[in-house]
Amino acid sequence: MSGSATVPAPTGFSLPIQVVEGSGFTAWLAEDHSVPVVSLSWSWPGGAALDPEGQEGVAALAAALMTEGAGELDALEFADAARDEGIGLDFGVDRDGFAGSLRALTPALPQAVRLARLAMTAPRFEEADVARLRARAIARARQSLEGPPGRASRAFWAAAFPTHPAGRPSSGTEESLARITVEQMRAALARQLHRGPGLLIAASGAISAAELAALLPKLFDGLAEGAAPAAPPLPAMTGFGTAVVPVAASQSTIIFGQPGLPIRDPSWETAQVVLRILSGGGFTARLTKSLREARGLTYGIGAGLDGIFGDSVLIGHFATANARVGEALTLLRSEWRRMAEAGPTAEEMEEAVAYLTGSQPLQFTDSRRIAATLLAMRRNDRPLDWLEKRPARLAAITREAAAKLAGQLLVPDQLSVTVAGQPEGI
């Protein structure tokens, strides 16, 4: 049995979304038969936050191995089965979630579903494959700490959330990855992969609501009922001032941040407008004008809201010569304060709203991006008509509302900064 409800297409932009229900599953679907391709994305809450202490990276390593042989297929046979029919299949982990996705031509969809189900229910974890992917993960972990960017990022998150899994590297450390056993990886998947509450599903492409409803039980057949354990609640971000991580390099990498907004905050999109003006991409952002165009301090600087565990951190980064770190941080805090005290101009508001409205359709250029966007909406608890009504919501944001939000959100004295390099003037 299946059912669907469709949101009317917005004027000038069409992405009708159906809610498909059947056999205990609920999925969002953007049906489009113009190209014979289907993409599915799904996720569970938890991710790296469920890694036991001392096993950092266990879920990420297990996810990487899920497509390295499963069921009766060894790694080579599994790869050949996917490649021969042009199937894309992937699993991954972030700080607060575990996700899977597939993409296939419609004739290959049954095979894609079979391979995805095998990967989730019967990964082989062969010794040679484990050794190969473990070595690759350790090399990446080691490489990430060889230069200022990785060192700065690691230090920032560890200081911002010292007592929570959000402060640990989701892909693990060289030391933790070396210790992880196959039994621990199997346990990580058993904790995470369930067919009950918490499983979110989105689909896009050449598949009907009835076909999707019939497919989902086959995709998730064999997973245990129930739900993954809840991750510990995210505490308030710990402010830590300015921390220096000594690295022998000609440039310093700076990571800066402060508490953000809850993802479901009604002012979320007002914050997007403010941050587009202050720190967004392109050459019109104030931080880019001040630090790059006027002073030549950096090639690029940006900041935005990084959503985690239903909340967010306002975080940004740039690199500059060691001798100019102090000057750059002074300008950063000055622009932060100027926006907080005076807000944006009317002209800046007009440009930011136009950009955010005009760029929205670019998210929907292929079925994979559409499925991923629908899944993100579900993870962020957005309503079904979120996309349809977004242009109107953006157009309704006044300069006064943006200025008020800027004064509440941007607190220069709360900026926490990690500097990796040999900085001067701080």
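In which hand, left or right, does α1 pass α4? The legends below take that pair first, and everything shown comes from a predicted model.

**Close-up 1. Helix α1 crossing helix α4.** Here α1 goes past α4 in a right-handed crossing. Helix α1 covers residues 58-65 and helix α4 covers residues 127-144; their axes come within 10 Å and cross at roughly 130°. That angle is neither over 145 nor in the 65 to 115 range, so α1 and α4 count as oblique to each other. On the α1 side, look for Leu-61, Ala-64 and Leu-65. Facing them from α4 are Asp-129, Val-130, Leu-133, Arg-134 and Ala-137. Sorted by class, the α1 and α4 contact has 6 nonpolar residues, no polar ones and 2 charged ones.

**Close-up 2. Helix α2 against helix α3.** Helix α2 (residues 75-84) packs on helix α3 (residues 109-121) at an angle of about 150°, and the axes sit 10 Å apart. Angles over 145 degrees count as roughly antiparallel, so that is how α2 and α3 run relative to each other. This crossing is left-handed. Phe-78, Ala-81 and Ala-82 are what α2 brings to the contact, while α3 brings Gln-111, Leu-115 and Ala-119. The tally for α2 with α3 is 5 nonpolar, 1 polar and no charged.

**Close-up 3. Leu-40 in the largest nonpolar core.** This core has 58 residues. Leu-40 is among those with the most contacts inside it, along with Trp-42, Met-120, Leu-212, Leu-219 and Phe-220. Helix α3, already met in the previous view, gives the most to this core, with 8 residues. Zoom in on Leu-40 and, leaving aside residues up to four places away in sequence, you'll find it touching Gly-100, Ser-101 and Leu-102. Leu-40 also touches Ala-202, Ala-203, Leu-212, Leu-215, Leu-216 and Leu-219.

**Close-up 4. A second core, and helix α9 on helix α15.** A separate core of 41 residues includes Trp-268, Met-339, Leu-405 and Ala-406. Leu-405 and Ala-406 turn up again in the contact of α15 with α9. Helix α9 (residues 268-279) and helix α15 (residues 399-409) pack at about 85°, with 9 Å between their axes. Angles from 65 to 115 degrees count as roughly perpendicular, so α9 and α15 fit that description. From α9 come Thr-270, Ala-271 and Val-274; from α15 come Ala-401, Ala-402, Leu-405, Ala-406 and Leu-409. By class, the contact of α9 with α15 is made of 7 nonpolar residues and 1 polar residue, with no charged ones.

Terms used
Residues numbered from 1 in each chain as written. Predicted model: local features only at pLDDT ≥ 70, side-chain atom pairs only at ≥ 80, totals over all residues. Heavy atoms only, no water. Axes fitted to C-alpha atoms, helices over the stretch in contact; angles between N-to-C directions. Helix = DSSP H or I, 4+ residues; strand = E, 2+ residues; numbered from the N terminus. Parallel < 35°, antiparallel > 145°, perpendicular 65-115°, else oblique. Left-handed = near helix turned anticlockwise from the far one by under 90°. Contact = heavy atoms within 4.5 Å. Nonpolar A, V, L, I, M, F, W, Y, C, P; charged D, E, K, R; others polar. Core = buried A, V, L, I, M, F, W, Y, C linked by side-chain atoms within 4.5 Å. Buried < 20%, exposed > 50% of the residue type's maximum accessible area, 1.4 Å probe, protein only.
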